[in-house]
Amino acid sequence: MSALISVDGLVKEFRKVKPHEGRLGSLRTLFTRRYEVNRAVDGVSFAIDEGELVGYLGPNGAGKSTTIKMMTGIVMPTGGTVRISGLDPWRERPCNAAQMGVVFGQRTQLWWDLPLRESFRLVGAIYGVSPADYRESLERFVDLLDLGEFIDRPVRQLSLGQRMRGDIAAAMLHRPRVVYLDEPTIGLDVVAKDRMRTFVEETSRAGETTIVLTTHDLADVERLCPRVILIDHGRVLYDGDVQGLKATYATHRELVVHLAPDESTGRTPAVRAADVLGAEIVSQEQGVARIRFEASRIAVQHLIASVNQNYPVRDLSIVEPDLEGVVRRIYSEGLTP
Ligand SMILES: Nc1ncnc2c1ncn2[C@@H]1O[C@H](COP(=O)(O)OP(=O)(O)OP(=O)(O)O)[C@@H](O)[C@H]1O
């Protein structure tokens, strides 16, 4: 079976005017233009099967939105190919648009002055949704996203969380095969985020919709995405599951030791570097020592034995790095596989 989405060696270059320097620089820029090229997407390849839910991640400016824009047909690639269900999104834009839905968390696609219900009606008409399908979809979304309370209010009067729910329903009214969610939980409170995640989860579970999710909120990813594609500087750094991401990039663990006070002095002893087999003591505060070690280099049972032998230990635990920490390291240290 061929993939529903296939992206192969995709490149997007933006040209921007390079200003001349010096006192008369802006005047010279007006007459003699020099350009510099920014490769926002630099040879990205991946394939996504029907029904998958994939997190497309990367730091600011990594090229995520540009890739999504090429998949939706808004932006023409400079090189490489994109096929969505066999269609070239740029050349076959109307057909591609009919099979996709997009939500940009930062801006609404609804009609600001119209009640939400009227926006839905317009979307239904634009996509030629049959009255029966329209009624069924609307009923489902009102129920799943709890839209009933505000569906007759103008969009401009809705809270961000309500508007986002409206936006996602509008993007899916015509039952698209592929949905692109660009930061769908940005700015939402915890309750609204949870509702949005539950909706995405349930939509994906039904298996009929392929979802590409761009987010900076790694709690979205932990909860929703069996697979992540991580990019930076327009290139794919990692494509696989979250566990694999942690295993590839986060080979360290932390041994957290709660120490008991010394019986005679009442003071809590400090762990010495000599007793941790070359591991790094990250911090020691209020009787808790955090010791970071490479799991491949130091056997955890030896480290625990050494600490137990030399100190009055009250409690021990091993902390695995969370996704937030892993991704922060990848971005800040520029790690590559
Ligand atoms: N229309 C454009 N013209 C010129 N440069 C652009 C344009 N759109 C994006 N870029 C540049 O391309 C690079 C990638 O931008 P893009 O918006 O794809 O990143 P992103 O990963 O979505 O970032 P963010 O997480 O901040 O939304 C950036 O350097 C950006 O400045």
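**Exercise 1. Find which element gives the most residues to the shell around the ligand, and list that shell.**

Solution. Start with the contributions: helix H2 gives the most to the shell, with 3 residues. Keep in mind as you work that this is a predicted model.

Next, collect the residues themselves. The ligand is surrounded by Phe 14, Lys 16, Asn 38, Ala 40, Gly 58, Asn 60, Gly 61, Ala 62, Gly 63, Lys 64, Ser 65 and Thr 66. Now assign them to elements: those that supply two or more residues are strand S1 (5-18), strand S2 (34-48) and helix H2 (64-72).

Finally, sort the shell by class. You should arrive at 3 nonpolar, 7 polar and 2 charged residues.

**Exercise 2. Work out the strand order of the open sheet formed by 3 strands, and place H2 against it.**

Solution. First, the order reads S2-S1-S4, and the pairing is antiparallel. Then look at the ends: S2 and S4 are the edge strands, each with a single partner, so one side of each has no neighbour in the sheet. On average, neighbouring strands here are turned by 30 degrees against each other, direction ignored.

Now zoom in on one pair. S1 and S4 are joined in the antiparallel sense over 5 bridges. To check the register, take Ser 6, whose bridge partner in S4 is Arg 83.

Last, add the helix. H2 lies across S1, S2 and S4, and runs at about 115 degrees to S1. Recall from the previous exercise that S1, S2 and H2 each give two or more residues to the shell around the ligand.

**Exercise 3. Describe the open sheet of 6 strands: what are its order and its edges?**

Solution. Begin with the order, S5-S6-S7-S3-S8-S9, where the pairing is mixed. At the edges stand strand S5 (100-104) and strand S9 (235-240); each has a single partner strand, so one side of each is left without a neighbour in the sheet. From one strand to the next, the twist averages 15 degrees.

Then follow the S9 edge inward. Strand S8 (residues 227-232) and S9 run antiparallel and are joined by 5 bridges. Within S9, Asp 239 is the residue that stands opposite Ile 229.

**Exercise 4. How is the chain divided into domains, and what are the confidence scores of the model?**

Solution. Take the domains in turn: domain 1 covers 50-78 + 85-247, and domain 2 covers 251-320. Their centres, taken over C-alpha atoms, are separated by 46 Å.

For confidence, start with the chain, which has a mean pLDDT of 89, with 98% of its residues at 70 or more. Then compare elements: helix H1 (residues 25-31) has the lowest mean pLDDT, 71, while strand S4 (residues 79-84) has the highest, 96. To finish, note the scores of the model, ipTM 0.97 and pTM 0.81.

Note on methods: Residues numbered from 1 in each chain as written. Predicted model: local features only at pLDDT ≥ 70, side-chain atom pairs only at ≥ 80, totals over all residues. Near = placed C-beta within 6 Å. Helix = DSSP H or I, 4+ residues; strand = E, 2+ residues; numbered from the N terminus. Nonpolar A, V, L, I, M, F, W, Y, C, P; charged D, E, K, R; others polar. Domains from an automatic or database assignment. pLDDT = per-residue confidence, 0-100. Pairing = 2+ DSSP bridges. Axes fitted to C-alpha atoms, helices over the stretch in contact; angles between N-to-C directions. Contact = placed C-beta atoms within 7 Å.
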